[in-house]
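Me: I have a model open and want to learn how to read it. Can we go through it feature by feature?

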Amino acid sequence: MTDDRPVEQYANESNLSTRGSFNQRFSTREGHPHDWAFGFVRDALPGDADVLELGCGTGSIWRRNADRTPPGWTATLTDFSQGMVQAARGNLAGVDRTFDYATAAAAAIPVRDGAADAVLANMMLYHVPDRDVAFREINRILRPDGYLFAMTVTRDSKATLYGMLDEAATGEGSVESLNREFTLSDGGAELREHFDSVESHRFESPLSVTDADALVEYARTLPDHPRLAPFDESDLPALRRIAQRRLEDGPIRMRSDLGLFVARR
Ligand SMILES: C[S@@+](CC[C@H](N)C(=O)[O-])C[C@H]1O[C@@H](n2cnc3c(N)ncnc32)[C@H](O)[C@@H]1O
């Protein structure tokens, strides 16, 4: 959990890009989760919608779906990390569409009441310390009948990896999964306190990992978090050995499923 200030983890796009590339490289299913989620957004909204994204990261969903974005939409990309807003701006510079950008935290969105038809909040609400405040902000800026689209983790995503980190860890205590807040299993109950209707959808993503070094690089990008504390950088060589040993028996299989909530005022 973070507070409402940008964290080192997201100072720039490096960690996020490494993890995204890992997931894409070893996924055994067709399609990218951002394209899957974008389909729900596009199907729900009219051709002249105003869309605001919270925690836009690298701007990936827009870059990947520029061709599927109706020309009448406005899109405002926000993130509390200035480095991420810069990264998104750079990544979308060559895209033949206009985007607006702002550095903003989910708890204080610099937009007037009722300005948006939809808010996207992908893979970020589990970082927000006081989600009630964020949900009130989202509702404030949404028009009546507006939508919140929120991708999130599943509880068992990368359980195999967390198990390997635990095996490699030399610190005290056990490594636990980071996927414990606002997951696909429990986020719906929180949303129902703020929205009239809430649907959830699952994106199944089995990974088949064949490269110990890539797994180590993924582990290197993980945040400083109390649930990971028994594992630190000095345990990376042990993690590599554990991965290499497992790979002798074939690819390391792990689930990396995601979810999407579609909530409506
Ligand atoms: C895991 S990344 C997801 C990025 C992007 N939405 C995606 O799906 O690829 C989380 C992003 O949310 C941002 N973030 C985290 N907490 C935030 C908050 N309270 N307000 C605004 N942005 C936040 C981070 O800076 C980071 O860019």
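**Reading the model**

Reply: Start with the ligand, and keep in mind that this is a predicted model. The ligand is surrounded by 21 residues, and the closest are Tyr10, Gly55, Gly57, Asn122 and Met124.

Me: How many residues of that shell are nonpolar, polar and charged?

Reply: Twelve are nonpolar, seven polar and two charged.

Me: Next, the sheet. How do I read one, and what is the strand order here?

Reply: Strands of a sheet pair through backbone hydrogen bonds, in a parallel or an antiparallel sense. Here seven strands form an open sheet, ordered β3-β2-β1-β4-β5-β9-β6, and the pairing is mixed. β3 (100-103) and β6 (197-203) are the edge strands, each paired on one side only. From one strand to the next, the twist averages 15°.

Me: In which sense do β1 and β2 pair, parallel or antiparallel?

Reply: Parallel: β1 (residues 50-54) and β2 (residues 74-79) share four bridges. Val51 has Ala75 of β2 as its bridge partner.

Me: Which strands does helix α2 touch?

Reply: Helix α2 (residues 33-44) packs on the sheet against β4 (116-121), β5 (142-153), β6 and β9 (258-264). Its direction makes about 165° with that of β5. Helix α5 (residues 131-141) lies across β1, β4 and β5, at about 140° to β5.

Me: And how do I read a pair of helices?

Reply: Two packed helices are described by the angle and the distance between their axes. The axes of α1 (residues 14-26) and α8 (residues 212-220) come within 9 Å and cross at roughly 145°. The crossing is left-handed. Thr18, Arg19, Phe22 and Arg25 of α1 meet Ala214, Glu217 and Tyr218 of α8. Three of these contact residues are nonpolar, one is polar and three are charged.

Key
Residues numbered from 1 in each chain as written. Predicted model: local features only at pLDDT ≥ 70, side-chain atom pairs only at ≥ 80, totals over all residues. Near = placed C-beta within 6 Å. Nonpolar A, V, L, I, M, F, W, Y, C, P; charged D, E, K, R; others polar. Axes fitted to C-alpha atoms, helices over the stretch in contact; angles between N-to-C directions. Helix = DSSP H or I, 4+ residues; strand = E, 2+ residues; numbered from the N terminus. Left-handed = near helix turned anticlockwise from the far one by under 90°. Contact = placed C-beta atoms within 7 Å. Pairing = 2+ DSSP bridges.
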